[in-house]
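Grab a pencil and work through these exercises with the model open beside you. Each task comes with a solution taken one step at a time.

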Amino acid sequence: MAASKTTTPAAAPRALVLGGNRIPFARAGGKYAHASNQDMLTAALDGLVARYGLQGERIGEVAAGAVLKHSRDFNLTRETVLGSALSAETPAYDLQQACATGLETVVSLSNKIRLGQIESAVAGGVDTTSDAPIAVSDRLRRALLDLSRARSVGQKIAAASKIRPKDLAPATPRTSEPRTGLSMGEHQALTTAQWGITREAQDEIAFASHQNLAAAWAEGFFDDLVTPYRGQSQDGNLRADTSLEKLATLKPTFGLGLDTPATMTAGNSTPLTDGASTVLLGNDAWATAHGLTPLAVVVDAEAAAVDFVHGVDGLLMAGAFAVPRLLERNGLTLADFDYVEIHEAFASTVLTTLAAWESETFGRERLGLDGAFGTVDRARLNVHGSSLAAGHPFAATGGRIVATISKELHRRRAAEGRPVRALVSICAAGGLGLTAILEAA
Amino acid sequence: MTLRTVPLPGVPGLGGVYARGAGAAARLAIARRAGRAPAGLPDVAYEVRGVEVDPTHLTDYQHLLGEPASDVLPAGFVHVLAFPVATALMARTDFPLSLLGLVHLSNVVTQRRAVRLSEVLDVRAWAQDLRPHRAGTQVDLVTEVSVAGELVWSGVSTYLAKGVSPAESGGDAREEFVAPVPTGQWRLAGDVGRRYAAVSGDRNPIHLSKVSAKALGFPRAIAHGMYTAARALADVGAARGEAFVWSVEFAKPVLLPGTVTVRVAADDEGFAFTGWDAKRTRPYLTGTVRPL
């Protein structure tokens with residue numbers, strides 16, 4: 001009888017992180033120089049399939065994206081699935097939210113799992129700056145389109161005659177914010193100056209990132225999270241032997257035109273990187289049926305955005321707003337987190353975010369709190385290194401962080417037998433920030 | 001002074017206006033030597049009724065200036081549509097200053113309500129307030145745009161004729177410029193003058209090429225002042241609302257190609273903007289956008 005059918009499940013399923021796999025990240029122009037986004041994403045996905053025995057499996061849905069994407073890759077993720085060992089009946093979609101792309105695939109697929117729409121999913125991201133798409137200029141493109149629409153010889157000549165020699169110069173992807181004309185580094189230099197972040201503090205963050213990532217590689221932490229590719233078996237940007245002295249010798253590259261001393265160098269900023277990452281998600285029933293151990297629960301997420309265009313807040317400061325809202329909703333404080341992952345777009349991005357949270361004025365005037373939001377225990381910050389050491393293939397960073405910290409959450413929970421939580425915050429172009437709470441399953 | 005209304009059949013093309021302006025300038029120079037130069041402003045207002053907007057023209061303008069391609073006309077686009085009527089007035093033989101060589105000092109636009117693509121515009125323009133400036137003589141060109149008798153937009157463009165008497169000192173010593181914290185920068189390519197000329201019709205040679213600009217005393221082509229002011233207005237974005245006063249003062253011409261460092265930010269009364277040369281710490285333009 002139709003009336004007795006229920007439309008809402010009794011209890012919403014949990015969205016679990018079941019595993020992850022990435023390829024080592026490579027410096028731009030390095031071992032992946034001629035690999036496309038699809039090549040790298042397929043390598044990461046096939047590594048995941050092999051690691052978790054998913055050959056021929058129909059996954060609920062695969063979502064991935066790239067920040068720098070060629071127009072021919074309009075269906076990048078589906079094409080990747082078709083070229084992978086997954087069942088060809090696995091649906092897929094592309095997603096793009098600048099550097100938050102990878103984390104947003106995790107969040108939106110987790111939401112589908114929690115709604116009961118799917119039981120399993122693969123989230124992912126990939127980017128290449130070596131194989132970046134190059135477009136023709138707008139004027140040439142318009143003339144070519146007019147030419148293709150022209151019917152008569154006269155119309156064709158008229159369309160073709162609009163092309164000027166300088167229109168033939170290729171248009172490479174812009175690294176500057178479309179509305180301000182400033183690069184991300186120049187924007188962050190303004191924020192760095194605003195918060196008075198020192199060169200020494202930034203170099204210490206960079207040094208810790210290399211130290212922590214090197215230690216994680218040395219102890220074999222990434223052995224079941226990374227599949228070697230094209231002769232790259234470890235993150236190419238990692239400098240295990242770097243030192244504060246070496247970092248101190250580098251010349252500043254951003255903020256050179258400001259009144260304050262320039263402090264941001266190639267050492268405390270992320271390099272251009274190629275790479276891909278994936279995360280396996282599922283509900284409890286699917287995990288049990290496939291004999292997989294849940295690592296972490298995707299608890300909640302919050303996105304924020306700032307008006308950097310009119311200088312209200314720094315370009316990469318949205319996370320400073322998203323996290324207080326996220327924690328308020330979940331009844332948590334910074335002290336409730338065993339791990340805090342703040343994506344190191346620049347060392348100073350981490351530091352300006354922490355400074356904002358520690359500021360009484362910012363807490364009162366910008367967050368609407370009674371005082372400062374709180375302090376992050378540095379011993380809990382980016383404990384396996386982050387983007388400064390690993391590199392930052394834009395859309396692949398979210399998957400790297402989620403898979404890494406989920407494994408750590410599970411390990412810690414197994415050792416201590418108490419709830420263990422991680423906070424993830426990723427800043428992105430356009431003044432965006434995406435944050436999430438993960439808890440050991 | 002009562003103005004006599006002179007109807008024009010349509011908005012004049014600026015190419016022809018500049019040619020007439022050059023002719024008028026030559027006659028003016030002769031008249032001035034003979035001591036017969038006009039002492040006052042022409043007592044006429046030019047009027048053009050029934051101006052319609054070409055959607056492609058609007059799209060081209062919006063794309064160039066970074067405005068969203070909505071069906072609302074950006075305030076700077078209305079200026080582009082209407083100002084040639086005022087320019088035609090400056091090209092009259094009885095206009096006391098020579099059109100070529102006039103320097104755009106400042107501009108104030110009052111946008112009373114949103115004007116849409118489908119609306120038919122009536123334009124009226126006249127000159128007023130001929131007065132001394134520390135570097136010569138200045139004059140206001142007033143342009144009004146109405147829809148079915150309702151005033152929707154008005155502009156006051158102040159121009160300077162350098163070195164033309166009365167040369168009493170204006171005495172407005174400039175304050176020391178202190179560069180604010182930037183919010184962005186405009187990297188202006190060498191063809192920005194030609195591209196704005198294409199959408200505005202203002203093909204004054206000083207904007208078109210190094211060669212044509214040199215002939216008129218500039219080392220390189222310079223950006224149209226209203227291009228830079230309209231970029232600032234676009235940077236303010238939707239926060240400006242539908243009714244506002246958009247004011248700008250031009251301090252130094254922007255040589256092309258060139259980089260203008262800008263700050264466009266809210267202040268207590270709306271938005272303020274500054275564009276400057278970061279290397280020499282010299283302002284190019286300053287202005288405000290205030291809600292009405």
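## Strands in chain B

In S4(B), Leu121(B) is the bridge partner of Val51(B). This is a predicted model, where local features need pLDDT of at least 70, side-chain atom pairs count only at pLDDT 80 or more, and totals for chains, interfaces and linings use all residues. Residues are numbered from 1 along each chain as its sequence is written, while chains are lettered from A and ligands numbered from 1 in the order in which they are written.

**Exercise 1.** Work out how strand S2 of chain B is joined to strand S4 of chain B, then find the order of the open sheet and its edge strands.

*Solution.* Start with the pair: S2 (residues 44–51) and S4 (residues 121–133) of chain B run antiparallel and are joined by four bridges. Strands here are DSSP runs of E with at least two residues, helices are H or I runs of at least four, and both are numbered from the N terminus. Two strands pair if DSSP finds at least two bridges between them.

Next, follow the open sheet of chain B: it has 11 strands in the order S1-S2-S4-S5-S6-S3-S8-S11-S10-S9-S7, with mixed pairing. S1 (4–7) and S7 of chain B are the edge strands, each pairing on one side only. From one strand to the next, the twist averages 20°. (Axes are lines fitted to C-alpha atoms, for helices over the stretch in contact, and angles run from 0 to 180 degrees between N-to-C directions.)

Last, add the helix: H6 (residues 225–236) of chain B lies across S3, S7, S8, S9, S10 and S11 of chain B, at about 50° to S11(B).

**Exercise 2.** Describe how domain 1 of chain B meets domain 2 of chain B.

*Solution.* First get the bounds: domain 1 of chain B covers 1–173 and domain 2 covers 177–292. These come from an automatic or database domain assignment. Over C-alpha atoms, the centres of the two domains of chain B are 19 Å apart.

Now the contact: 28 residues of domain 1 of chain B touch 25 residues of domain 2 of chain B. Two residues are in contact if their C-beta atoms, placed from the backbone, lie within 7 Å. On the domain 1 side, the elements giving two or more residues are H1 (14–33), H2 (55–65), H3 (75–90) and S3 (103–111) of chain B. S3(B) gives the most, eight residues.

Then sort that side by class: 13 nonpolar, 11 polar and four charged residues. (Ala, Val, Leu, Ile, Met, Phe, Trp, Tyr, Cys and Pro count as nonpolar, Asp, Glu, Lys and Arg as charged, and the others, Gly among them, as polar.)

**Exercise 3.** How do H1(B) and H3(B) pack?

*Solution.* Take the geometry: the angle is about 15° and the axes of H1(B) and H3(B) are 9 Å apart. H1(B) is therefore roughly parallel to H3(B). (Angles under 35 degrees count as roughly parallel, over 145 as roughly antiparallel, 65 to 115 as roughly perpendicular and the rest as oblique.)

Now the residues: Leu14(B), Val17(B) and Gly21(B) of H1(B) meet Pro84(B), Thr87(B), Ala88(B) and Met90(B) of H3(B). That contact has five nonpolar, two polar and no charged residues.

**Exercise 4.** Which residues make the contact of H6(A) with H11(A)?

*Solution.* Set the scene: H6 (residues 184–194) and H11 (residues 347–358) of chain A pack at about 40°, with axes 10 Å apart. H6(A) and H11(A) are therefore oblique to each other. The contact is made by Gln188(A), Thr191(A) and Thr192(A) of H6(A) with Ser348(A), Thr349(A) and Thr352(A) of H11(A). By class, the contact of H6(A) with H11(A) has no nonpolar, six polar and no charged residues.
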